[in-house]
There are 2 protein chains.
Amino acid sequence: MAVVRELVRTYQAFSAYSEENIRELGLTAPQFDVICTLGNTSGMMMGQLAEKTLVTKGTLTGIVDRLEQKGLVRREVPPENRRCFIIVLTPEGERVFESVFPSHIHHLKERLGHLTDAETQQITAALKRLRELF
Amino acid sequence: MAVVRELVRTYQAFSAYSEENIRELGLTAPQFDVICTLGNTSGMMMGQLAEKTLVTKGTLTGIVDRLEQKGLVRREVPPENRRCFIIVLTPEGERVFESVFPSHIHHLKERLGHLTDAETQQITAALKRLRELF
DNA sequence: TATTGTTATACTCTATAACTATA
DNA sequence: TATAGTTATAGAGTATAACAATA
């Protein structure tokens, strides 16, 4: 069971460190997740987006609403299927993704840079092994 | 960055697996966390409990309220300091901790049992190393 | 004055199920 | 009928700041 405890504590440590950055942008974790998922794509339907971010579509509606209010994403109606929306990053959203995401990454890299290549490989392998069990 | 992705995905896998069990009891993750923290103790002040479960005291008030409604914990006022409460598991709460917690553990062990001792050690060490960085 | 918790406020997330519009 | 999303409903967690009671 020590393994599980370690996993949880490590994730919590990462999570606390990470959310600090996200919050400074006035974003929540799910909102940040959506921005990152849309980054480097040409947009995505609500359904796809919900699947990738592991939330239900009803929940996603609210998250996208709030991102739209902030001007970071917009809903586009494709003429060939007017039932659905394509969610796309606005230029402002792109800017957030491109400037903030790397700075987030940068923050993390500052920490992870202390690992040797061998350590990185070991840790990655360990986590994969553990994940296979669930 | 692959390391972080692995960590997140592994935790999500664990979390999905774990929350399934918790939900079946009509509990939420924070509530379960409180029960586990109180288990095998003689009780704890709100402040301590908040610190251990990583939520603010205002938030904890609501969580403890709901557990009290379910009859799983109670607030005891120590005569020597009437400002504070000692939160204690009720017999019903003990029962949940003792019967449900092990069954939760049991579910996890089913999975973790597939690890050799060496693997367990490796993974634990890897997670510790990673956590140190945050 | 300092400490311990609660309360008030305001939001976000969450799932489920019913609903609307389009195909 | 089936599909894509929204809306309605109801609850839980979240932080912050103001507050009450006790020490």
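These legends walk through a few close-ups of a predicted model.

**View 1. The protein surface around DNA strand D.** Here we look at the 23 residues that surround DNA strand D. A:Lys57, A:Thr61, B:Thr28, B:Arg66 and B:Arg82 are the closest ones. Sorted by class, this surface has 8 charged, 8 polar and 7 nonpolar residues.

**View 2. The helices beside DNA strand D.** Chain A brings in helix 3 (46-53) and helix 4 (57-69), while chain B brings in helix 2 (29-38) and helix 4 (57-69). Each of these helices supplies at least two residues of the surface near the strand.

**View 3. Where the protein meets the phosphates of DNA strand D.** Looking at the atoms of the strand within 4 Å of the protein, 70% are part of sugar or phosphate, and the rest are part of bases. On chain A, a polar backbone atom of A:Gly47 sits 2.9 Å from a phosphate oxygen, and a backbone N or O atom of A:Phe85 is 3.3 Å from a phosphate oxygen. On chain B, B:Thr59 uses its side chain: a polar atom there is 3.1 Å from a phosphate oxygen.

**View 4. The largest nonpolar core.** Now we leave the DNA for a core of 31 residues. A:Leu7, A:Phe14, A:Leu130, B:Leu7 and B:Leu130 have the most contacts inside it. Two or more residues come from each of helix 1 (2-24), helix 5 (91-112) and helix 6 (117-132) of chain A, and from each of helix 1 (2-24), helix 5 (91-112) and helix 6 (117-133) of chain B.

**View 5. Zooming in on A:Leu7.** Setting aside neighbours within four places in sequence, A:Leu7 touches A:Leu127 and A:Leu130 in chain A. Over in chain B, A:Leu7 is in contact with B:Leu7, B:Thr10, B:Tyr11, B:Phe14 and B:Leu127.

Definitions and conventions: Residues are numbered from 1 along each chain as its sequence is written. Chains are lettered from A and ligands numbered from 1 in the order in which they are written. This is a predicted model: local features need pLDDT of at least 70, side-chain atom pairs count only at pLDDT 80 or more; totals for chains, interfaces and linings use all residues. Side-chain values use heavy atoms; hydrogens and water are left out. A residue is near a molecule or strand if one of its heavy atoms lies within 4 Å of it. A polar contact is a pair of N or O atoms within 3.5 Å; within protein, one must be able to donate a hydrogen and the other to accept it, and residues adjacent in sequence count only if both atoms are side-chain atoms. Helices (H or I, at least four residues) and strands (E, at least two) are DSSP runs, numbered from the N terminus. Ala, Val, Leu, Ile, Met, Phe, Trp, Tyr, Cys and Pro count as nonpolar, Asp, Glu, Lys and Arg as charged, and the others, Gly among them, as polar. A nonpolar core is a set of buried Ala, Val, Leu, Ile, Met, Phe, Trp, Tyr and Cys residues joined through side-chain atoms within 4.5 Å. Buried means under 20% relative accessible area, exposed over 50%, partly exposed in between (1.4 Å probe, protein chains only). Contact means heavy atoms within 4.5 Å.
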